[in-house]
Amino acid sequence: MPSRHDPDRARATGPVAVLVVTWNSARVLPEFLASLPQGMAGLDWRLVVADNDSADDTVDVVRELAPAATLVQTGRNAGYAAGVNAALRAAAGWQEGFRAALVCNPDIRMRSGCAALLVDALDAPLSGGRRVGISVPLLYEEDGTRQHSLRRESRVTRALGEAVIGNRRAGRFPRWSELITDPAAYRRATVADWATGALMALSRDCLDACGAWDESFFLYSEETEYCLRAGDHGFATRLEPAASAVHLGGDSQVSPRLWTLLTLNRVRLYGRRHGPAATAAFRGAVLLRETSRAALGRPANRAAARALASPSALRAVPGP
């Protein structure tokens, strides 16, 4: 991938690169692959699957059901960002290049024409000289419930608001929560600081300007970091409400191990962008939230609170 952003190129040519990172994904992968033609309707596209050393039949499923796909085997459980980077490197080797990348989880089911709407939304001009570099769709649960996928950047006041009154209740107020819950925000093309990374289209210009995803985040906060970095380069993250997909979701909400990793990486990322005093205050606010939820008997919050209280918790956060 080029390391410099070329302002004279209005839009790269070539197909859309569909990038999927897998790890023991054999159960969800067949339905994902079957849904791709409908979701990618109207686009020239190619599939790249980066597999992080799956122990199940994931690789065999790809070879059988998507023989034309580019399969990259990382040889280890390298993490989500490393998988995205491996897939991007493979796409960069295509002779015709690629015009945009669609980064998606294998548990995503795009609705008809979703990808074309996301790609068409890229590079739209915004106020202040910015452009749309990342576009995201509406995400729904299997039962049709819409997910709150838009987020504001972390602040101490927002962490406190979530600790005291809960992120869903505080979500309508920009000062008091990262989570955006205002229904109106999901009915229009809303610019957010970052969004859930289950499905996002990235313009080639944004990718060229920002470079590789940060592999120090094994899982969680890698999409946050990338969206914030894109914003630093003048590329906004924006919801395209006409595009939609079903997200089957994961187990971070119930697994103490994954919830702890999510919580620690959130504080680590804050510390990368703020000074020690602000980071200590933010960590304290997040600890308050986890402790208050742990008091209700929630094992995931208890594990996260224990980890946050450890003096060495943020020095190195290995993946599960």
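**View A. Overall fold of the predicted chain.** Helices (H or I, at least four residues) and strands (E, at least two) are DSSP runs, numbered from the N terminus. On that basis, the protein chain contains 11 helices and 11 strands. The model is predicted. Its C-alpha atoms fill a box of roughly 55 × 50 × 40 Å along the principal axes. A compact globule of 320 residues would have a radius of gyration near 20 Å, and the value of 19 Å for the protein chain agrees with this. Of the 320 residues, 56% count as buried. Among contacts with a separation of 6 or more, 75% are between residues 24 or more positions apart. The protein chain exposes about 14,000 Å², of which carbon and sulfur atoms supply 51%.

**View B. Tyr80 and Trp213 form an edge-to-face aromatic pair.** Ring centres within 6.5 Å define a pair, and by this rule the count comes to 4 aromatic pairs. In the pair shown here, the ring centres of Tyr80 and Trp213 are 6.4 Å apart and the planes stand at 65°, so the arrangement is edge-to-face. The pair links distant parts of the chain, 133 residues apart: Tyr80 belongs to helix H3 (residues 80–92), whereas Trp213 belongs to the loop between helix H7 (204–210) and helix H8 (222–232). Tyr80 is buried, with a relative accessible area of 12%. Trp213 is likewise buried, with a value of 3%. Together with Tyr226, Tyr80 and Trp213 make up one aromatic cluster.

**View C. Tyr270 and Phe282 form a stacked aromatic pair.** The ring centres of Tyr270 and Phe282 lie 4.2 Å apart, and their planes meet at 10°; planes under 30 degrees apart count as stacked, so this pair is stacked. Tyr270 is in helix H9 (residues 256–273) and Phe282 in helix H10 (residues 276–294), a separation of 12 residues that links distant parts of the chain. Both Tyr270 and Phe282 are buried.

**View D. Two arginines lie over aromatic faces.** Arg46 lies over the face of Trp94, at 5.0 Å from the ring centre. Arg204 occupies such a position over Phe98, at 4.3 Å from the ring centre. Arg204 counts as buried, at 10% relative accessibility, and its salt bridge with Asp208 is the subject of a later view.

**View E. Arg109 and Glu31 are joined by a salt bridge.** The structure holds 12 salt bridges. In the one displayed, the closest N and O atoms of Arg109 and Glu31 are 3.5 Å apart. This pair links distant parts of the chain, with Arg109 in strand S5 (residues 108–110) and Glu31 in helix H1 (residues 29–39), 78 residues apart. Arg109 has a relative accessible area of 8% and is buried.

**View F. Arg204 and Asp208 form a salt bridge within helix H7.** The N to O distance between the two side chains is 3.1 Å. Arg204 and Asp208 are 4 residues apart in helix H7, so about one helical turn separates them. Asp208 is buried, with a relative accessible area of 2%, and Arg204 is also buried, at 10%.

**View G. Arg273 and Asp232 form a salt bridge between helices H9 and H8.** The side chains of Arg273 and Asp232 meet at 3.1 Å, N to O. The pair links distant parts of the chain, as Arg273 is in helix H9 and Asp232 in helix H8, 41 residues apart. Arg273 is partly exposed, with a relative accessible area of 33%, whereas Asp232 is exposed, with 51%. Elsewhere, salt bridges that share partners join Asp123, Arg131 and Asp205 into one network.

**View H. Asp53 and Tyr220 have positive phi values.** Asp53 is not a glycine, although its phi is positive, at about 60°. Asp53 is found in the loop between strand S2 (45–51) and helix H2 (58–65), and at 46% relative accessibility it counts as partly exposed. Tyr220, another residue other than glycine, has a positive phi near 75°. Tyr220 lies in the loop between H7 and H8. At 18% relative accessibility, Tyr220 counts as buried, because buried means under 20%.

Key. Residues are numbered from 1 along each chain as its sequence is written. This is a predicted model: local features need pLDDT of at least 70, side-chain atom pairs count only at pLDDT 80 or more; totals for chains, interfaces and linings use all residues. Side-chain values use heavy atoms; hydrogens and water are left out. Rings of Phe, Tyr and Trp (its six-membered ring) pair if their centres lie within 6.5 Å; planes under 30 degrees apart count as stacked, over 60 as edge-to-face and the rest as tilted. Buried means under 20% relative accessible area, exposed over 50%, partly exposed in between (1.4 Å probe, protein chains only). A charge sits over a ring if NZ of Lys or CZ of Arg is within 6 Å of the ring centre and within 35 degrees of the ring normal. A salt bridge is a side-chain nitrogen of Lys or Arg within 4 Å of a carboxyl oxygen of Asp or Glu. The radius of gyration is taken over C-alpha atoms; the globule rule is 2.2 Å times the number of residues to the power 0.38. Contact means heavy atoms within 4.5 Å. Accessible areas come from the Shrake-Rupley method with a 1.4 Å probe; for residues, only the protein chains shown count as cover.
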